[in-house]
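Colleague: I'm new to this structure and would like a close look at one part, the metal site. Could you walk me through it and then work outwards to what surrounds it?

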Amino acid sequence: MLARFTPTWMIDATYDIAPKELKQLGIRVVLTDLDNTLIAWNNPYGTEELREWMTALARENIRLVVVSNNSHQRIKKAVASLQLPYISRALKPLSLGIRRALKQYQVEASEAVMVGDQLLTDVAAANGSGVKSILVRPILPSDAWTTKFNRFAEKFVMRAIRHQHPELNFRKDLMNERD
Ligand SMILES: [Mg+2]
């Protein structure tokens with residue numbers, strides 16, 4: 001049960017995930033949650049850090065694809081300035097969106113990684129599809145009530161995961177995969 005919500009890695013921020021390390025791990029596609037993972041929920045334009053990270057990913061020939069539960073219209077507006085491909089209505093914690101992305105970009109689960117700020121949706125969806133996951137700290141606390149509820153439940157799940165995997169902590173690099 002707990003395994004379903006346990007991330008492969010925990011990294012402080014999305015921008016701390018080194019494209020070179022992803023490359024070494026054989027990752028060809030980075031799937032990412034949108035709100036509070038890639039951009040702040042109140043800033044659809046992204047930051048300089050995000051743009052630099054996107055450039056570094058492209059340099060390693062790693063594709064970045066947004067996998068979000070949001071509607072097509074909402075994501076389109078949010079990523080318009082970033083020119084990113086996306087999968088909408090991903091139905092996380094189900095794995096449908098992730099599987100659709102793998103198929104669309106013709107990669108194996110082992111060649112992709114899912115980045116997200118929520119255990120109960122992003123990490124669960126990744127684990128359900130056999131894709132490795134990176135939990136990041138949310139950019140900003142969200143004001144959405146669904147997120148607030150998830151955060152509350154997440155505290156308990158996180159406490160249990162920490163108990164079972166004391167080695168899992170927020171870090172700056174990927175080269176310390178558990179087990
Ligand atoms: Mg999020």
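Modeller: Here is the metal site, followed by the parts of the chain around it.

Keep in mind that this is a predicted model. Let's start with the magnesium ion itself. Its protein donors are Asp33 (OD), Asp35 (O) and Asp117 (OD), and they lie 2.1 to 2.3 Å from the ion. Along the chain, these donors follow the spacing D-x1-D-x81-D. Is Asp33 buried or exposed? Asp33 is buried, with a relative accessible area of 8%.

Now pick out Thr37, which sits in the loop between S2 and H2. Thr37 is buried too, at 1% relative accessible area. What does Thr37 touch, once you skip residues up to four places away in sequence? The list is Thr14, Thr32, Val115, Gly116, Asp117, Val136 and Ile139. You'll recognise Asp117 there as one of the donors of the magnesium ion.

Let's step back to the chain as a whole for a moment. The protein chain has 6 helices and 6 strands, and from the N terminus on they run β-α-β-α-β-α-β-α-β-α-β-α. The strands make an open sheet of 6, in the order S1-S6-S5-S2-S3-S4, with parallel pairing. S1 and strand S4 (86–87) stand at the edges with a single partner strand each, so one side of each has no neighbour in the sheet. Further in, S5 and S6 pair in the parallel sense over 4 bridges. If you'd like a spot to look at, find Met114, which stands opposite Ser133 in S6.

Next comes the nonpolar packing. The largest nonpolar core has 26 residues, and the members that touch the most others are Ile17, Leu22, Val30 and Ile134. Strand S1 (9–11), helix H2 (48–59), strand S3 (63–67), helix H3 (72–79), strand S5 (112–116) and strand S6 (132–136) each give two or more residues to this core. H2 supplies the largest share, 4 residues. A second, separate core of 16 residues includes Leu31, Leu102, Val107 and Val131. As background, nonpolar side chains in soluble globular proteins tend to be buried together.

Ile17 is a handy residue to click on. Leaving aside neighbours within four places in sequence, Ile17 is in contact with Ile11, Leu22, Trp53, Val115, Ile134, Val136 and Leu174. Val115 and Val136 also turned up among the residues that Thr37 touches.

Then there are the charged pairs. The count comes to 10 salt bridges, and three of them are worth a visit. Begin with Lys172 and Asp16, whose closest N and O atoms are 3.2 Å apart. This pair links distant parts of the chain: Lys172 is in the segment after helix H6 (145–164), while Asp16 is in the loop between S1 and helix H1 (19–24), 156 residues apart. Asp16 counts as partly exposed, at 25% relative accessibility.

Arg28 and Glu111 form another salt bridge, again with 3.2 Å between the closest N and O atoms. Here, too, distant parts of the chain are linked, since Arg28 is in the loop between H1 and strand S2 (29–32) and Glu111 is in the loop between helix H4 (96–104) and S5, 83 residues apart. Arg28 counts as partly exposed, at 42% relative accessibility.

Where do Lys92 and Asp122 lie? Lys92 is in the loop between S4 and H4 and Asp122 is in helix H5 (residues 119–129), so their pairing ties together parts that are 30 residues apart in sequence. Their side chains meet in a salt bridge at 2.8 Å, N to O. Lys92 is buried, with a relative accessible area of 7%, and Asp122 counts as buried at 1%. Some salt bridges also share partners, which joins Asp12, Asp16, Arg137 and Lys172 into one network.

Finally, zoom right out. With 179 residues, a compact globule would have a radius of gyration near 16 Å, and the 15 Å of the protein chain agrees with that. The C-alpha atoms fill a box of roughly 40 × 40 × 30 Å, taken along the principal axes. Buried residues make up 49% of the 179. Among contacts between residues at least 6 apart in sequence, 70% join residues at least 24 apart.

Methods. Residues are numbered from 1 along each chain as its sequence is written. This is a predicted model: local features need pLDDT of at least 70, side-chain atom pairs count only at pLDDT 80 or more; totals for chains, interfaces and linings use all residues. Side-chain values use heavy atoms; hydrogens and water are left out. A nonpolar core is a set of buried Ala, Val, Leu, Ile, Met, Phe, Trp, Tyr and Cys residues joined through side-chain atoms within 4.5 Å. Buried means under 20% relative accessible area, exposed over 50%, partly exposed in between (1.4 Å probe, protein chains only). Contact means heavy atoms within 4.5 Å. Two strands pair if DSSP finds at least two bridges between them. Donors are N, O and S atoms within 2.8 Å of the metal (3.2 Å for Na, K and Ca); water is not among the atoms, so sites may look incomplete. A salt bridge is a side-chain nitrogen of Lys or Arg within 4 Å of a carboxyl oxygen of Asp or Glu. The radius of gyration is taken over C-alpha atoms; the globule rule is 2.2 Å times the number of residues to the power 0.38.
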